[in-house]
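Colleague: Could you take me on a close look at one helix of this protein and what surrounds it? I would like a connected account rather than a list.

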Amino acid sequence: MYEKKLPVNLDCGLHLFLQVVQGKWKINLLWAIHSGIKRPGELQRKIPNASRRVLDAQLGQLIEHKLISKRVYDELPQKVEFELTQLGASLIPVIEVTARWGEENRNELEQLLKI
């Protein structure tokens with residue numbers, strides 16, 4: 001597993017926040033699970049540009065940070081579902097505000113990013 005070379009600054013709430021949500025697909029995964037998508041295959045279809053390996057790694061990190069939980073059903077074929085924990089659900093308003101900011105500033109941001 002990757003080991004960080006620089007120490008993490010835990011004195012700031014923003015740094016703590018970034019430590020748990022930083023990752024290319026973590027916000028998308030949280031939003032998808034919040035929206036009712038719970039199975040790994042559904043998540044893969046919702047985020048098709050992400051490889052299954054990366055999604056699995058980021059789901060594992062979200063579990064490790066207690067933002068989501070994983071339920072494995074004792075049946076064949078094996079059934080797995082994810083759901084937000086109370087801590088993960090508390091991030092949804094932050095994601096909503098961030099998405100709204102992006103929409104409100106879409107034109108300027110697209111120009112800056114040259115999309």
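Modeller: Gladly, and let me start with a helix pair: α2 and α4 pack at an angle of about 75°, their axes being 10 Å apart. The two helices are therefore roughly perpendicular to each other. On the α2 side the contact is made by Lys26, Leu29, Leu30 and Ile33, and on the α4 side by Leu55, Gln58, Leu59, Gln61 and Leu62. Sorted by class, the residues of this contact are six nonpolar, two polar and one charged. Please keep in mind throughout that this is a predicted model.

Now for the helix itself. α2 covers residues 26-34, and its buried residues are Lys26, Leu29, Leu30, Ala32 and Ile33. Seen down the axis of α2, these buried residues fall within an arc of 165°, so they line one face of the helix. What do the buried residues of α2 pack against? Their partners are α1 (13-21), α3 (40-46), α4 (52-64), β1 (68-73), β2 (79-84) and α6 (92-104). Helices and strands thus both appear on that list, as α1 and β1 show.

Asn28 also lies in helix α2. With a relative accessible area of 37%, Asn28 is partly exposed, because the buried class ends at 20% and the exposed class begins over 50%. Asn28 and Leu43 are 15 residues apart along the chain, and their C-alpha atoms are separated by 9.2 Å.

The second helix pair to look at is α2 with α6. Here the packing angle is about 110° and the axes lie 11 Å apart. That angle makes α2 roughly perpendicular to α6. The crossing of this pair is left-handed. From α2, the contact takes in Ile27, Leu30, Trp31 and His34, while α6 brings Ile92, Ile95 and Glu96. By class, the residues where α2 meets α6 divide into five nonpolar, one polar and one charged. Leu30 is worth a second glance: this residue is buried, and it is named in the contact of α2 with α4 as well as in the contact of α2 with α6.

Following the chain out of the helix, we reach Gly36 just after α2, where phi is positive at about 110°. A little further on is Arg39, in the loop between α2 and α3. Arg39 counts as partly exposed, at 32% relative accessibility. Leaving out residues up to four places away in sequence, Arg39 touches Gln78, Lys79, Val80 and Glu81. One of these partners, Val80, is 41 residues from Arg39 in sequence, yet their C-alpha atoms are 6.1 Å apart in space.

Those contacts lead us to the loop between β1 and β2, where Gln78 is found. Is Gln78 buried or exposed? Gln78 counts as exposed, with a relative accessibility of 55%. Beyond its neighbours within four places in sequence, Gln78 is in contact with Arg39, Val72 and Tyr73. In the other direction, Gln78 and Leu109 are 31 residues apart in sequence and 43 Å apart in space, C-alpha to C-alpha.

Pro77 lies in that loop between β1 and β2 too. A cis peptide bond joins Leu76 and Pro77, with omega at about -10°. Another backbone detail sits in the loop between α4 and β1, the place of Lys66. Phi of Lys66 is near 60°, which is a positive value in a residue other than glycine. Both details deserve a check by eye, given a general rule. Most residues other than glycine have a negative phi, and most peptide bonds are trans. Lys66 is exposed, at a relative accessible area of 59%.

Finally, the wider setting. The secondary structure comes to seven helices and two strands, and from the N terminus on, the elements run α-α-α-α-β-β-α-α-α. Along the principal axes, the C-alpha atoms fill a box of roughly 50 × 35 × 25 Å. Of the 115 residues in the protein, 23% are buried. Among contacts with a separation of 6 or more, residues 24 or more positions apart account for 46%.

Conventions: Residues are numbered from 1 along each chain as its sequence is written. This is a predicted model: local features need pLDDT of at least 70, side-chain atom pairs count only at pLDDT 80 or more; totals for chains, interfaces and linings use all residues. Side-chain values use heavy atoms; hydrogens and water are left out. Buried means under 20% relative accessible area, exposed over 50%, partly exposed in between (1.4 Å probe, protein chains only). Helices (H or I, at least four residues) and strands (E, at least two) are DSSP runs, numbered from the N terminus. The arc is that of the directions from the helix axis to the C-beta atoms. Contact means heavy atoms within 4.5 Å. Axes are lines fitted to C-alpha atoms, for helices over the stretch in contact, and angles run from 0 to 180 degrees between N-to-C directions. Angles under 35 degrees count as roughly parallel, over 145 as roughly antiparallel, 65 to 115 as roughly perpendicular and the rest as oblique. A crossing is left-handed if the near helix is turned anticlockwise from the far one by less than a right angle, and right-handed if clockwise. Ala, Val, Leu, Ile, Met, Phe, Trp, Tyr, Cys and Pro count as nonpolar, Asp, Glu, Lys and Arg as charged, and the others, Gly among them, as polar.
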